[in-house]
Amino acid sequence: MNFTLTEIGASTIFALAVLHTFSTSYFEALAKSHRRHAGLWHLLGEVEIVFGFWAAILIVFLALVDNLEIARYYASSRNFTEALFVFAIMVVAGSKPILNFVTHILHAIGKILQTVLRTKSTPTLYFLTLSITPVLGSFITEAAAMTLAAFLLRDLVYRHSCSKLMLFGTLGVLFVNISIGGTLTNFAAPPVLMVASTWNWDSAFMMSHFGIESCIAILINALLITLLLRKEFVEPQSETRPDITPLTVTLVHLLFLVGVVVFAHDPVIFMWLLLFFIGYTTAYPKYQSPLILREALLVGFFLAGLIVLGGLQEWWLQPILQNMSPTAVFYGALGLTALTDNAALTYLGSLVTGTSLEFKLALVGGAVAGGGLTVIANAPNPAGLAILRPYFPNAAVSAGMLLLAAIPPTLVTILAYRFL
């Protein structure tokens, strides 16, 4: 394996960034014990800041080791469309009329299930949020589904006093189910999107090779966590109904959402739609809530940093993938996804020529199966984290606890993908 000083340095910085994501709770503790520089420690304790921070260090490193022109060229050659798209879709999907629309649908389905199965409202809605919303991600994109599910779970359970099991168990299942829920089509999941055109995979292909297995795993994961937490759910004192939004307002918001999804590969268009959307919500504030601009910006910053850092990891990732059997590729991709974005992993795999269909299916299957193990494993994960993190102790999410919580639903996904 040939490598340069630049590649070694870039991978070292990337490794430090990954280590930093597992240490954010330590920096939050420093912010409390060292008040003089509390602002700095709190900044370094923000998970969404980590990769952007280390990406800046990488650019400085490139400027020192090579030269400023190379550093500038490398930064400008990165494709930030995905980061911009997640920012735009979070703002639109997180708007009050969209959330009300989805909540009305879930309440309607929940009423039917409650009548048939004689279940309580909170666990029923909890199950539906963790099962239907991830599948919805195959049509409105994973980022939008993550945003919607996180807001619904926030209002359903996270606003109440939660045990650690509920805090992390819910987050682990949410991340895993969202990661595999986008595999029913060829455009919704970032790791699928990276290879679909290269390998000529259409939505019919995705449905036939991943659809049934993904749906089964999602239902099992949602059902198991609902049964496990059944004694912890808090029923509302009185029947709560989503706010009623005028149909015209809801339709306008849905049109903006569809527009951003349809033009997901055209940043000029979807960013124009976003600005137009912000203008619309400002002009008609009566049925709006504050847009989640700060959270969306932080997530976009996180993904942009990951794009910058991940661009120089090809030298070690690709040779590893080339020398693996399909079975080894599945488990290798699953493990590597915990350390790097699964979209970057499948993209590097698509560069390997002469691979079999079994290799390709194993690569994508492993990448999406491991998409819930860490915050950086799947692009929409930071979006969910940004919404739910304030409800964790000290507003810090332990990467180790998240990993442990994501292992059971990941194992269910492995069984579904490998044996069904």
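**View 1. The whole chain and its exposed surface.** About 18,300 Å² of the protein chain is exposed, and carbon and sulfur atoms supply 68% of that area. Keep in mind that this is a predicted model. The fold is built from 21 helices and zero strands. The radius of gyration is 21 Å, close to the 22 Å that the globule rule gives for 420 residues, so the chain is as compact as a globular protein of that length. Along the principal axes, the C-alpha atoms fill a box of roughly 65 × 55 × 45 Å. Buried residues make up 55% of the 420 residues. Take the contacts with a separation of 6 or more: 80% of them come from residues 24 or more positions apart.

**View 2. The largest nonpolar core, with Phe51 picked out.** This core has 95 residues, and those with the most contacts inside it are Phe51, Leu58, Tyr126, Leu171, Leu174 and Leu309. Helix H9 (residues 142–158) gives the most to this core, putting in 13 residues. Another core lies apart from it, made of 36 residues, including Trp201, Met206, Trp315 and Leu317. Back at Phe51, leave out residues up to four places away in sequence and you still find it touching Phe14, Ala17, Val18, Thr21, Phe302, Gly305, Leu306, Leu309 and Ile376.

**View 3. Gln313, tucked into a loop.** Gln313 sits in the loop between helix H15 (293–310) and helix H16 (314–322). Its relative accessible area is 1%, so Gln313 is buried. Setting aside neighbours within four places in sequence, Gln313 is in contact with Ala10, Ser11 and Phe14. Phe14 also turns up among the residues that Phe51 touches.

**View 4. Phe53 and Trp54, an edge-to-face pair.** Searching the whole structure turns up 18 aromatic pairs. One of them joins Phe53 and Trp54, edge-to-face, at 5.5 Å centre to centre with 85° between the planes. How accessible are the two partners, Phe53 and Trp54? Phe53 has a relative accessible area of 33% and is therefore partly exposed, while Trp54, at 15% relative accessibility, counts as buried.

**View 5. Phe256 and Tyr280, a tilted pair.** Phe256 and Tyr280 form a tilted aromatic pair, 6.2 Å centre to centre with 40° between the planes. Phe256 belongs to helix H13 (residues 247–262) and Tyr280 to helix H14 (residues 267–283), so the pair ties together parts that are 24 residues apart in sequence. Both Phe256 and Tyr280 are buried. Zoom out a bit and ring pairs link Phe256, Trp272, Phe276, Phe277, Tyr280 and Tyr284 into a cluster.

**View 6. Arg418 over the Phe330 ring.** Here a charge meets an aromatic face: Arg418 lies over the face of Phe330, at 4.7 Å from the ring centre. Arg418 falls within the residue range of helix H21 (399–419).

**View 7. Thr141 and Asn394, with positive phi.** Which phi values do these two loop residues take, Thr141 and Asn394? Thr141 has a positive phi of about 85° although it is not a glycine. The loop that holds Thr141 runs between helix H8 (121–140) and H9, and H9 is the helix that gives the most to the largest core. At 3% relative accessibility, Thr141 counts as buried. Asn394 isn't a glycine either, yet its phi is positive, at about 60°. For Asn394, the loop in question is the one between helix H20 (381–388) and helix H21 (399–419).

Note on methods:
Residues are numbered from 1 along each chain as its sequence is written. This is a predicted model: local features need pLDDT of at least 70, side-chain atom pairs count only at pLDDT 80 or more; totals for chains, interfaces and linings use all residues. Side-chain values use heavy atoms; hydrogens and water are left out. A nonpolar core is a set of buried Ala, Val, Leu, Ile, Met, Phe, Trp, Tyr and Cys residues joined through side-chain atoms within 4.5 Å. Buried means under 20% relative accessible area, exposed over 50%, partly exposed in between (1.4 Å probe, protein chains only). Helices (H or I, at least four residues) and strands (E, at least two) are DSSP runs, numbered from the N terminus. Contact means heavy atoms within 4.5 Å. Rings of Phe, Tyr and Trp (its six-membered ring) pair if their centres lie within 6.5 Å; planes under 30 degrees apart count as stacked, over 60 as edge-to-face and the rest as tilted. A charge sits over a ring if NZ of Lys or CZ of Arg is within 6 Å of the ring centre and within 35 degrees of the ring normal. The radius of gyration is taken over C-alpha atoms; the globule rule is 2.2 Å times the number of residues to the power 0.38. Accessible areas come from the Shrake-Rupley method with a 1.4 Å probe; for residues, only the protein chains shown count as cover.
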